[in-house]
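Student: Please choose one part of this model and take me through it closely, in one connected account. I would like to know how its pieces are ordered and what packs against them.

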Amino acid sequence: MPTYSFTLNGQSVTVDAPADLPLLWTLRDKLGVKGPKYGCGIDVCKACTSHLDGQAVNPCVVPTSEADGREVTTIEGLADGDRLHPVQEAWLEQDVAQCGYCQPGQIMAAVALLKRTKHPTDADIDAIENVCRCGSYFRIREAIKAAAAAM
Amino acid sequence: MSSSPSAGHSRRHFLTYLLATPTLAVAAALVDPPPVARAAVPTPPAPADVLDLGDVLILAAAPTANMITVAVGEDGRVGLALPREEVGQGITTAVAMLIADELDVPLDRVDVTLADARPELVFNQLTGGSNTIRSVYTPVRTAAAVARARLVAAAAARWGVPAGQVTVSGGVVIGPGGRTAGFGELSTAAASPSLKVGTATPKPASQQRLVGTPTSRRDARAMVTGRQAYTLDLDVAPGALPTMVRRPPTISGAVRSVDNEAAVRAMPGVVDLAVVETGVAVLAETFGQALDAKNALQVTWGPGTVDGEDDDSIREKLHAAALPFAAPGLLTQHVDAEFDFAFVSHAPMETNSAIADVRDGKAEIWAGLKSPIVAQETIAKDLGLPVSAVAVHVVQGGGSFGRRLFFDAALEAARISKKAGKPVKLMWSRIDDMRHGRARAASHHRIRATHAAGQVLTFEHRVASVETDFRHGLGEILTAMSASLPVGGNLSFAQTVFLTTVKSPYDFGITTQTLTEVPLQMHTGSWRSVYSANTRGAEEIVVDELAAAQRKDPYRFRREFLEDDRSRAVLDKVATEGQWGRPMPAGHAQGIAFHAEYQSCTACLVEIDATNPDRPRVTKATIAADVGRPVNPRGLESQLLGGLTDAIGTTLRAGLHIRDGLPLEGSYSQFHYTRQAESPRDVRVFVMPANGEPGGAGELGVPAAVGAIANAWARATGRKPRSFPLTFPVDFDPFPR
């Protein structure tokens with residue numbers, strides 16, 4: 001089995017994994033990083049949204065080999081120790097989460113959006129396709145706007 | 001269920017006990033005379049006006065209510081193991097608020113966990129019917145009041161002062177002269193059986209400080225940092241292998257043979273295969289490998305239970321099953337309407353999943369379970385083990401919407417673990433969860449309302465639905481409570497559930513609502529609001545059409561015929577705050593609707609942009625809700641927001657097509673549940689002031705929103721909404737079976 005090395009939430013990791021094993025399962029089943037969630041496995045629900053070199057990706061369709069030598073950030077790597085990222089703070093402020101299962105992905109998608117644009121429009125927020133089956137979308141929208149203002 | 005209270009020797013004691021509880025008083029008070037007759041033709045109370053499903057659940061839980069206990073530890077922390085399931089509705093936060101308020105302890109010193117299956121609780125460990133807060137409101141506050149009284153008594157004894165001179169504030173017990181003691185240091189003395197304690201009753205509502213205060217979720221930080229652990233995030237059964245199941249090409253087909261077992265066993269990461277009743281399980285080192293291997297399996301399947309069925313054949317059966325009307329359609333002014341609703345997946349984000357370790361004559365299960373006692377008993381029987389050898393741990397779930405009333409994954413995981421002799425972590429693929437998981441049953445609705453001289457004289461609603469599976473313990477509860485039920489005759493469980501959840505809130509004269517079931521063996525289950533989303537949603541459309549027939553405004557028409565002032569108040573609230581009647585551009589319209597259930601009521605006013613009639617968007621929503629006593633208004637707003645989003649999805653685009661005995665939809669790219677781009681940018685929720693005991697709130701939001709959205713769509717497009725979801729093409733290539 002090939003070996004891959006990458007930076008995961010600021011730490012170097014090396015893992016034995018088949019090249020085509022989706023990164024989601026390398027993270028969850030081999031490295032014990034459980035923040036990214038399975039919801040569809042085909043890049044449709046976006047529950048696993050994480051960052052590869054700072055860009056939002058869906059590890060359920062990213063082969064593990066593609067992470068080699070790169071920087072992977074999951075929800076666990078977003079906060080600076082106990083200091084939450086402003087998007088996480090906004091999520092708490094708006095009390096967004098209901099069941100919470102999609103929220104790591106929602107937050108990672110929102111952070112990626114705010115990296116691309118400091119002042120997201122409603123249309124920018126509409127373009128986030130992450131499914132929230134509890135239907136917390138309005139609070140997600142408010143939280144993104146609040147985070148943008150705070151940042 | 002063997003441990004149900006029998007109708008024989010225990011009844012006298014049982015009923016005596018019930019008479020002593022306040023719950024029966026609640027039920028009895030409902031039989032008050034109907035509201036003073038106004039111009040409208042009054043409708044006599046429906047069964048659900050007398051005793052609703054929630055009341056039944058409260059009555060069923062009452063005999064074991066005193067087994068819910070609050071514990072105070074030597075560390076000064078207060079704990080309660082809640083015999084309910086948290087799936088996002090915020091009950092652990094609300095229950096912690098009840099305890100903190102009653103005990104005058106800071107909220108962050110209260111721990112509410114989810115209790116394992118406790119068979120001794122009998123009917124008091126079922127999460128459904130919007131019933132958690134209604135059923136635990138008094139028992140939890142009473143238990144906390146007892147704990148408080150014991151702490152006060154222990155401090156009074158230590159200081160040698162009368163208990164009346166001891167108070168509790170901020171989690172500290174305070175005596176004369178400024179003496180203080182912490183909960184922790186008093187906990188042992190407070191637990192002493194010899195301690196003399198006066199009566200303990202919960203505080204009156206006027207002294208509640210936290211109850212009614214908007215409070216953020218206690219688990220929110222864990223959720224936003226990725227630390228919240230769902231079933232498959234747990235490391236509880238060392239060596240438990242990622243496991244997935246290859247399922248049949250049609251619902252409930254059984255394995256005849258596995259035709260390439262050796263080849264699949266040789267695939268990378270594959271550890272074991274096991275054939276079970278529901279398919280072929282693959283145990284592997286990672287879920288990715290289990291998924292590849294299960295997809296590679298070549299299996300010969302036997303027939304399923306509904307192989308010949310598709311949407312057309314099911315609709316035909318439903319139309320044939322709907323009962324005829326009593327009122328004649330000729331010679332009277334009437335509004336007739338027929339509606340069809342498709343199957344709808346619960347589609348919680350966390351698919352069916354469970355961890356099971358069945359070895360050495362015992363079993364241990366972890367899963368998101370809303371009926372863990374029934375799960376435990378069923379799994380024990382299936383495995384051939386005594387119930388005492390099966391431990392069932394309830395794990396916080398990633399959504400439910402009714403799905404986790406059933407324990408399909410827990411039972412399946414137990415069978416696989418037994419067969420393989422290894423602990424397993426079972427995950428259903430999304431495709432399987434949508435196609436083989438449970439769904440809201442498709443239904444057909446026939447409504448006739450007759451009217452004359454500005455009055456509605458009769459209102460008849462004939463519902464025909466594919467059978468809904470209630471085998472998660474509700475049948476046993478209804479059997480045990482049969483003497484208390486407000487319905488007679490030889491009704492089925494489903495008809496009893498229907499009649500104790502659905503009622504018309506209007507004075508529409510003689511009102512009858514009936515359910516006929518079509519027995520198709522499909523995987524169904526209650527979906528948020530059970531029958532009401534479709535039944536009341538359809539009725540709210542007819543209410544608009546009745547108003548039009550009488551040339552009245554839909555808001556004022558409802559106002560005239562609603563039965564009470566509480567109902568009118570929420571309707572008025574949304575009409576005012578949502579600016580009912582404001583001018584809208586072409587292709588845009590407002591819609592309004594009302595719904596009442598479980599002692600709560602709500603109104604919803606939406607605005608829709610239907611300039612593209614096939615892709616309408618709800619642009620704004622105004623919601624008001626009166627739930628009697630909101631424990632956590634912030635959580636209540638979340639529930640109403642969720643109900644609105646559910647209604648947007650299921651009314652406009654989200655449903656399941658059935659073809660050749662299987663749903664076609666297999667992911668969110670095909671089952672079009674609402675996304676951000678379909679969600680309104682402006683949502684306002686108004687929680688009415690407290691005016692009584694808590695009513696049900698978890699499902700309340702859906703039916704009114706269904707009606708409001710459909711009515712807005714009708715006004716914007718000039719078309720009659722009749723078949724749901726309104727836009728429902730097969731706009732995808734189905735996944736292979």
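Tutor: Two strands count as paired if DSSP finds at least two bridges between them, and strands (E, at least two residues) and helices (H or I, at least four residues) are DSSP runs numbered from the N terminus. The model is predicted, so local features need pLDDT of at least 70 and side-chain atom pairs pLDDT 80 or more, while totals for chains, interfaces and linings use all residues. Residues are numbered from 1 along each chain as its sequence is written, with chains lettered from A and ligands numbered from 1 in the order of writing.

The part I have chosen is a sheet in chain B, where 7 strands are arranged in the order 9-10-7-17-14-15-16, and this sheet is open, with mixed pairing. Its edges are formed by strand 9 (270-276) and strand 16 (390-394) of chain B, each of which has a pairing partner on one side only. On average, neighbouring strands of the sheet are turned by 25° against each other, direction ignored.

Within that order, strand 17 of chain B stands between strand 7 and strand 14. Strand 14 (residues 353-359) and strand 17 (residues 424-427) of chain B run antiparallel and are joined by 4 bridges. In this pairing, B:Ile355 of the sheet has B:Lys425, a residue of strand 17 of chain B, standing opposite.

Two helices of chain B can now be placed against these strands. Helix 10 of chain B lies across strand 7 (241-246), strand 9, strand 10 (279-284) and strand 17, and runs at about 25° to strand 7 of chain B; such angles run from 0 to 180 degrees between N-to-C directions, with axes fitted to C-alpha atoms, for helices over the stretch in contact. Helix 13 (residues 408-420) of chain B also packs on the sheet, where it touches strand 7, strand 9, strand 10, strand 14, strand 15 (362-367) and strand 17, and its direction makes about 35° with that of strand 14 of chain B.

Helix 10 also leads from the sheet to the other chain. Between the chains, 49 residues of chain B are in contact with 48 residues of chain A, contact being C-beta atoms, placed from the backbone, within 7 Å. To the side of chain B that touches chain A, helix 8 (220-224), helix 10 (287-296) and helix 20 (633-652) of chain B each supply at least two residues, and helix 20 of chain B gives the most, with 7 residues. Helix 10 of chain B thus appears in both settings, lying across strands of the sheet and supplying residues to the side that touches chain A.
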